[in-house]
Amino acid sequence: MRVAVGVTGGVAAYKAAELVRLLQQEGLEVEVAMTRAAREFVTPLTFAALTGRKVITEMFGAENAAPANVENAIEHIAVAQRIDALVIAPATADFLARMANGLADDFLSTLVLATKAPVIVAPAMNVNMWEHAATQENLGRLRARGVRVVEPGEGYLACGMTGAGRLAEIEGIARAVCETLGLKHDLAGETLLITAGPTREEVDPVRYLTNRSSGKMGYALAEAALRRGARVILVSGPVALAPPEKVEFVPVRTAEEMRKAMFEQLPQATVVLMAAAVADYRPANPAVQKIKRGTGPLTLELAPTPDILAEVATQKGSRTLVGFAAETTDLAENARGKLLRKGADLLVANDVTQQGAGFDVDTNIVTLLRRDGSQLELPKMTKQDLASRILDEVAALRGTAGRDRSR
Ligand code: PMT
């Protein structure tokens, strides 16, 4: 989702940089528009560096530039259409007055009129300006039009006075944006231990047995959980993906290494999600030297690996345990057997023979099997959307659904 942050000219303008960072951490794409007055307090370079995008400052190209730049002249329409929310922080008394009167005399005020996305304002000003009847009337008009106002805090103000008018806490402004966008923060306080990817079982120093897991499912879960406020420990087999920023990352190779890592991390976890495709067998006696080519057939003896999910279930305690099942026949029947045998609370079963499901694709098609015997067949969806859906189930099992336990 995309958010535009509008910065207007107040001392608190520098705090908008922190707002940009917080919104980015929520997985949002952020672009910034600044009024001329805002640029007296902070330079656009700060925001350009944070967002990696051009900061929009002028309606008609660079100041005093002639001729006017047509691309810039219609940019407010392009931005207005691509954003899912517009947040103006800090919003000065002057800018609120211009908004209330529907003025469109610079890029940001024009964007306010041109967008159909929800608008959030976080006012910041001197206490007398805040309490002035004109400001309050303007805010009343904006609220009546559906603008969300994040009330300023009270305290010592930059002008030396004390009272209401201080820009609200940045976390509160970010939360208002997330709420407006329907982003949840219901897993705050939970620690999710997630496995992802394949394991590699050594045959000899240069060969191994593995499977086609790309890690996409497990990494999507990790990213979605972070966005919902959880602490995330990601135990991952070898994959080509970069771990999401802010996860605690534990790389492993073999099933045995994954088992060890899981039991080391388990005491901290309140929820365990096992999306990894762990090898069920490993070569019983990996060769110390590279196996030489011979003329006859070669038999490899395999030994079972530990069933990590089943072992974790023996130490489940109050944790919520989610397993996955990769099936090729009789999906529901086999998966329900696994749910009970492995002691999970929820099993995510994918028929990996279906197109667009299972290994190494961006989508999945699954049935969710619950311990109470109920099940839910989900249509094909991206692994990102499925991750959110699975976390909805987790939140329901933890009794946190609908609760915002953030920050
Ligand atoms: O990584 P991707 O390319 O995105 O693909 C996603 C996926 C297909 C790997 C994923 O959706 C999935 O189905 N993961 C589970 C694969 C699997 O190993 O299924 P299983 O039915 O063999 O195992 C059942 C459960 O027991 C799994 O939670 C597995 O992690 C766990 N297990 C299996 C074997 C073992 N020795 N120890 C385990 O803990």
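# Report on the predicted chain: sheet, helices and local features

Helix H2, which spans residues 44-51, lies across strands S1 and S2, and its direction is at about 170° to that of S2. The model described here is predicted.

## Overall composition

The secondary structure of the chain amounts to 14 helices and 21 strands. Along the principal axes, the C-alpha atoms fill a box of roughly 85 × 50 × 40 Å. Of the 407 residues in the chain, 50% are buried. Contacts between residues at least 6 apart in sequence can be sorted by separation: 65% of them join residues at least 24 apart.

## The five-stranded sheet

Five strands form an open sheet in the order S2-S1-S3-S4-S5, and their pairing is parallel. Strand S2 (29-34) and strand S5 (148-149) are the edge strands, each pairing on one side only. Helix H1, residues 16-25, packs on this sheet and touches S2, S3 and strand S1 (2-7). The direction of H1 makes about 175° with that of S1.

Strand S3 (residues 85-91) pairs with strand S4 (residues 119-123) through four bridges in the parallel sense. One of the residues involved is Ala91, whose bridge partner in S4 is Pro123. On S4's pairing with S5, two bridges join the strands, which run parallel. Here Val121 stands opposite Val149 of S5.

S4 is mostly covered, with five of its five residues buried. In a regular strand, side chains alternate between the two faces of the sheet. In S4, Val119, Val121 and Pro123 point one way, while Ile120 and Ala122 point the other way. The residues on both sides are buried. Pro123 thus appears twice in this account: as the bridge partner of Ala91, and as one of the buried residues that share a direction with Val119 and Val121.

S3 also contains Pro90. A cis peptide bond joins Ala89 to Pro90, with omega about -5°. As background, most peptide bonds are trans.

## Helix H1 against helix H9

Besides packing on the sheet, H1 packs with helix H9 (residues 170-181) at an angle of about 45°, the two axes being 9 Å apart. H1 is therefore oblique to H9. The crossing of H1 past H9 is right-handed. From H1, the residues Glu18, Leu19, Leu22 and Leu23 meet Ile170, Glu171, Ile173, Ala174 and Val177 of H9. Sorted by class, this contact has seven nonpolar residues, two charged residues and no polar ones. In an α-helix, residues three or four places apart point the same way, because there are 3.6 residues a turn.

## Helix H6

Is helix H6 enclosed or open to its surroundings? Helix H6 (residues 107-114) is largely enclosed by the rest of the structure, because six of its eight residues are buried. Those buried residues are Phe107, Leu108, Ser109, Thr110, Leu111 and Val112. The elements against which they pack are S1, S2 and S3 together with helix H4 (75-82) and helix H5 (93-100).

## Gly165 in strand S7

Gly165 belongs to strand S7, residues 162-166. Its relative accessibility is 4%, so Gly165 counts as buried, the cut-off being under 20%. Which residues does Gly165 contact, leaving aside its neighbours within four places in sequence? Gly165 is in contact with Pro123, Ala124, Met125, Trp130, Pro152, Gly153 and Leu157. Among these contacts is Pro123, a buried residue of S4. By contrast with these contacts, Gly165 and Glu264, which are 99 residues apart in sequence, lie 49 Å apart in space from C-alpha to C-alpha.

## Positive phi in two loops

Most residues other than glycine have a negative phi. Lys246 has a positive value, and so does Asp330. The table sets out their phi, place and accessibility.

| Residue and phi | Loop | Relative accessibility |
|---|---|---|
| Lys246, near 85° | between strand S11 (231-236) and strand S12 (248-251) | Lys246, 57% |
| Asp330, near 40° | between strand S16 (320-327) and helix H13 (331-342) | Asp330, 51% |

Lys246 counts as exposed because its relative accessibility is 57%. Asp330 likewise counts as exposed, at 51%. The cut-off for exposed is over 50%.

Conventions. Residues are numbered from 1 along each chain as its sequence is written. This is a predicted model: local features need pLDDT of at least 70, side-chain atom pairs count only at pLDDT 80 or more; totals for chains, interfaces and linings use all residues. Side-chain values use heavy atoms; hydrogens and water are left out. Two strands pair if DSSP finds at least two bridges between them. Contact means heavy atoms within 4.5 Å. Axes are lines fitted to C-alpha atoms, for helices over the stretch in contact, and angles run from 0 to 180 degrees between N-to-C directions. Angles under 35 degrees count as roughly parallel, over 145 as roughly antiparallel, 65 to 115 as roughly perpendicular and the rest as oblique. A crossing is left-handed if the near helix is turned anticlockwise from the far one by less than a right angle, and right-handed if clockwise. Ala, Val, Leu, Ile, Met, Phe, Trp, Tyr, Cys and Pro count as nonpolar, Asp, Glu, Lys and Arg as charged, and the others, Gly among them, as polar. Buried means under 20% relative accessible area, exposed over 50%, partly exposed in between (1.4 Å probe, protein chains only).
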